[in-house]
Amino acid sequence: MTYTEVPHYTYNDIKKRAYEFLATYHPSLEIPVPIEEILEFQFNINIIPLPGLHEGYDIDGFISSDLTTINIDEFVYQSRLRRYRFTLAHEAGHIILHKKFFKENVFSSVREWKKFTQSIEDRDYSFLEWHANTFAGLVLVFPSILSKLFYESVETAKNAGFSFKNSLDIIQDYIASDLAKKFSVSSEVIRRRLEKDNLLVKLK
């Protein structure tokens, strides 16, 4: 099976598209970003829970090739709010960054989707997923708000009596957990965003 050429974006390309997305669909930048409402009501996307999607195909979700429906693992949909939100933002990344690619490679079921993804060369598939993950992280945890709340968490940690000389790992966990609750994403997403924005080095 052949597929159309995968577009390649730099981190700054994706950052610009994430800013444009928020400026258009959520200009208040209030957190947590209402990604479900944006997709349902502004993009008219159908969000369909599917039982056993993760167990059977090792994925939390995927978007239809016509970009009208996001299928989500039912357990993630019902019981893992932060994973659910990140999965939606990830699929939004495919809509914004890969519209032409998806529309030119038609699949109509999860099995066809899986077969299609397996036909994509590893390097190209890595680009597609890195694009969507990077877009999701920037939309849900945008830099200006992350920086502001990071320094507030640092002050809270200081006031709580943490030692910045001897407890750096514990402080990083504390800050990541604190920010994860505020942005409604996982601590891992916060850590990656803090590292990318060079904020963790401010603790040393």
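Contact here means heavy atoms within 4.5 Å. The exercises below concern a predicted model.

**Exercise 1. Residue Ala136**

Task: Determine where Ala136 lies, whether Ala136 is buried or exposed, and which residues Ala136 is in contact with beyond its neighbours within four places in sequence.

Solution.
Step 1. Ala136 belongs to helix H8.
Step 2. The cut-off for a buried residue is a relative accessible area under 20%. Ala136 has 0% relative accessibility and therefore counts as buried.
Step 3. With neighbours within four places in sequence left aside, the contacts of Ala136 are Phe86, Ala89 and His90.
Step 4. Thr87 lies 49 residues from Ala136 along the chain, and the C-alpha atoms of the two are separated by 8.0 Å.

**Exercise 2. The packing of H5 and H8**

Task: Describe how helix H5 and helix H8 cross, and state which residues make the contact.

Solution.
Step 1. Two quantities are required, since a pair of packed helices is described by the angle between the axes and the distance between them.
Step 2. For H5 (residues 81-97) and H8 (residues 122-140), the axes come within 7 Å and the crossing angle is roughly 115°.
Step 3. The crossing of H5 past H8 is right-handed.
Step 4. On the H5 side, the contact is made by Arg85, Phe86, Ala89, His90, Ala92, Gly93, His94, Ile96 and Leu97. On the H8 side, it is made by Leu128, Glu129, His131, Ala132, Asn133, Phe135, Ala136, Gly137 and Leu140.
Step 5. Sorted by class, the contact of H5 with H8 comprises 10 nonpolar, six polar and two charged residues.

**Exercise 3. Residue His131**

Task: Establish whether His131 is buried or exposed, and which residues His131 is in contact with beyond its neighbours within four places in sequence.

Solution.
Step 1. His131 is a residue of helix H8.
Step 2. Its relative accessibility is 0%, so His131 counts as buried.
Step 3. Neighbours within four places in sequence being excluded, His131 is in contact with Pro7, His8, Tyr9, Ile14, Leu97 and His98.

**Exercise 4. The largest pocket**

Task: Characterise the largest pocket by its space, its lining residues and the elements that supply them.

Solution.
Step 1. The largest pocket holds about 750 Å³ of space.
Step 2. Its lining has 33 residues, among which Phe86, His90, Glu129, Asn133 and Arg192 are the closest to the centre.
Step 3. Two or more lining residues are given by each of strand E2 (61-63), H5, helix H6 (99-103), helix H7 (110-119), H8 and helix H11 (187-196).
Step 4. H8 supplies the largest share of the lining, eight residues.
Step 5. By class, the lining consists of 15 nonpolar, nine polar and nine charged residues.

**Exercise 5. Backbone geometry in the loops**

Task: Identify what is notable in the backbone at Pro32, Leu29, Asn44 and Asn198.

Solution.
Step 1. The reference is that most residues other than glycine have a negative phi and that most peptide bonds are trans.
Step 2. The peptide bond from Ile31 to Pro32 is cis, with omega near -5°. Pro32 is situated in the loop between helix H1 (11-25) and helix H2 (35-42).
Step 3. Leu29, which is not a glycine, has a positive phi of about 60°. Leu29 lies in the loop between H1 and H2 and, with a relative accessible area of 29%, is partly exposed.
Step 4. Asn44 has a positive phi near 55°. Its place is the loop between H2 and strand E1 (46-50). At 59% relative accessibility, Asn44 counts as exposed.
Step 5. Asn198, just after H11, has a positive phi of about 55°.

**Exercise 6. The buried residues of H11**

Task: State which residues of H11 are buried and what covers them.

Solution.
Step 1. Val189, Ile190, Arg191, Arg193 and Leu194 are the buried residues of H11.
Step 2. Their cover includes H1, H5, H8, helix H9 (143-159) and helix H10 (168-183).

**Exercise 7. Residue Asn71**

Task: Decide whether Asn71 is buried or exposed, and name its contacts beyond neighbours within four places in sequence.

Solution.
Step 1. Asn71 is located in strand E3 (residues 69-73).
Step 2. Its relative accessible area is 11%, so Asn71 is buried.
Step 3. Leaving out neighbours within four places in sequence, the contacts of Asn71 are Ile48, Leu50, Leu53, Asp60, Gly61 and Phe62.

Terms used: Residues numbered from 1 in each chain as written. Predicted model: local features only at pLDDT ≥ 70, side-chain atom pairs only at ≥ 80, totals over all residues. Heavy atoms only, no water. Axes fitted to C-alpha atoms, helices over the stretch in contact; angles between N-to-C directions. Left-handed = near helix turned anticlockwise from the far one by under 90°. Nonpolar A, V, L, I, M, F, W, Y, C, P; charged D, E, K, R; others polar. 1 Å grid on protein atoms, 1.4 Å probe; cavity = no way out; pocket = protein on both sides within 12 Å on 5 of 7 lines; lining within 4 Å. Points joined across faces, edges and corners; volume = space filled by probe spheres on them. Buried < 20%, exposed > 50% of the residue type's maximum accessible area, 1.4 Å probe, protein only.
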